[in-house]
Amino acid sequence: MSETLPLRLVLASASPARRKLLQAAGVEPEVLVSGVDESLVVTERAEELCLELARLKAQAVLTRLSPAADQRTLVIGCDSVLAFEGDILGKPADAADATKRWQRMRGRSGVLHSGHCLVDVAAGRRAEAVASTTVHFADISDDEIAAYVATGEPLAVAGAFTIDGLGGPFVERIEGDPGTVVGLSMPLLRRLLAELDLRITDLWTKVAPGGQSVEPLGNVRS
């Protein structure tokens, strides 16, 4: 077939931060939450864990899709974990857990791993990889930890911190792609798209003020 097909990207994640990253890069995704139970996967390697969870999230959403013949549908599943001094840290169990983590992490460094699984539904092809970024935490006080945990933000994110929210001042610096820490690496997504014979520019959209309409800017050949 020589006709061009509009691309549809489905984000298998409830993370507003991941959606904002895509939108900031000109991509307007649909969102379907996977509902995957992350406790089902057990491994001692952070890279394996986040990638397997990314696969499971993408697969869970795939089973609920009804791709249209006049669209090329892609699904992206992502998952993030923090590797810190031999431990794999996802979301804290509760406020006490988040507090203990920050008391350990302050003044030290960890590696944030984000697994990405991109599936071309009609073609039955998949591209996947892990992006990793080293995070250096500030040596923050007990009062700062208590105030941060009280906001609730650390309870909702892997590693109990953000760099694009209230936790930003508590991260001294990073080594790597900041998007990895937020949960989705745009440079890595570009490379995964290339493995599926696509370009990131094929996903660009133009969103009207207020988000009332979306006009595709890029099309792909089937």
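Which residues does E85 touch, not counting residues up to four places away in sequence? In this predicted model, E85 touches R104 and R108 when such sequence neighbours are left out, and with R108 there is a polar contact that runs from side chain to side chain at 3.4 Å. E85 itself lies in the loop between strand 3 and strand 4, the latter formed by residues 87-89. Its relative accessible area is 51%, and because the cut-off for exposed is over 50%, E85 counts as exposed. The backbone at E85 also deserves a look, since the residue has a positive phi of about 50° although it is not a glycine.

A second residue with such a backbone angle is found elsewhere in the chain. D197 is not a glycine, and yet its phi is positive, at about 65°. This residue belongs to the loop that links helix 6 (186-195) with strand 8 (205-207), and with a relative accessibility of 60% D197 counts as exposed.

From E85 the reader can turn to strand 3, which spans residues 72-84 and contains D79. The UniProt annotation "active site", taken from an unreviewed entry, covers D79, and such annotations may be inferred rather than shown by experiment. Is D79 buried or exposed? With a relative accessible area of 3%, D79 is buried, and its surroundings in the fold can be listed residue by residue. Not counting residues up to four places away in sequence, D79 touches R18, E38, C50, L53, A54, K57, H113, S114 and G115. One of these, K57, meets D79 through a polar contact between the two side chains, at 2.9 Å. K57 also offers a reference point for the loop described at the start, for the C-alpha atoms of E85 and K57 are separated by 27 Å, although the two residues are 28 places apart along the chain.

The next feature to trace is the largest pocket, which holds about 770 Å³ of space. Its lining is made up of 36 residues, and the closest to the pocket centre are S15, R18, K91, A156 and V157. Several elements each supply at least two residues of this lining, namely helix 1 (16-24), helix 2 (46-62), strand 3 and helix 5 (178-182). Helix 1 gives the most, with 5 residues. Sorted by class, the lining has 18 nonpolar, 10 polar and 8 charged residues.

Two of the residues closest to the pocket centre, S15 and R18, are also linked to each other. S15 lies in the loop between strand 1 (4-11) and helix 1, and a polar atom of its side chain is 3.1 Å from the backbone nitrogen of R18. The relative accessibility of S15 is 18%, and because buried means under 20%, S15 counts as buried.

K91, another of the residues closest to the pocket centre, leads on to R101. The side chain of R101 reaches the backbone oxygen of K91 at 3.4 Å. R101 is found in helix 3, which covers residues 95-105, and R101 is buried, with a relative accessible area of 10%. Beyond residues up to four places away in sequence, R101 touches L89, G90, K91, P92, G159 and A160.

Terms used: Residues numbered from 1 in each chain as written. Predicted model: local features only at pLDDT ≥ 70, side-chain atom pairs only at ≥ 80, totals over all residues. Heavy atoms only, no water. Helix = DSSP H or I, 4+ residues; strand = E, 2+ residues; numbered from the N terminus. Buried < 20%, exposed > 50% of the residue type's maximum accessible area, 1.4 Å probe, protein only. Contact = heavy atoms within 4.5 Å. Polar contact = N/O pair within 3.5 Å; in protein donor to acceptor, adjacent residues only side chain to side chain. 1 Å grid on protein atoms, 1.4 Å probe; cavity = no way out; pocket = protein on both sides within 12 Å on 5 of 7 lines; lining within 4 Å. Points joined across faces, edges and corners; volume = space filled by probe spheres on them. Nonpolar A, V, L, I, M, F, W, Y, C, P; charged D, E, K, R; others polar.
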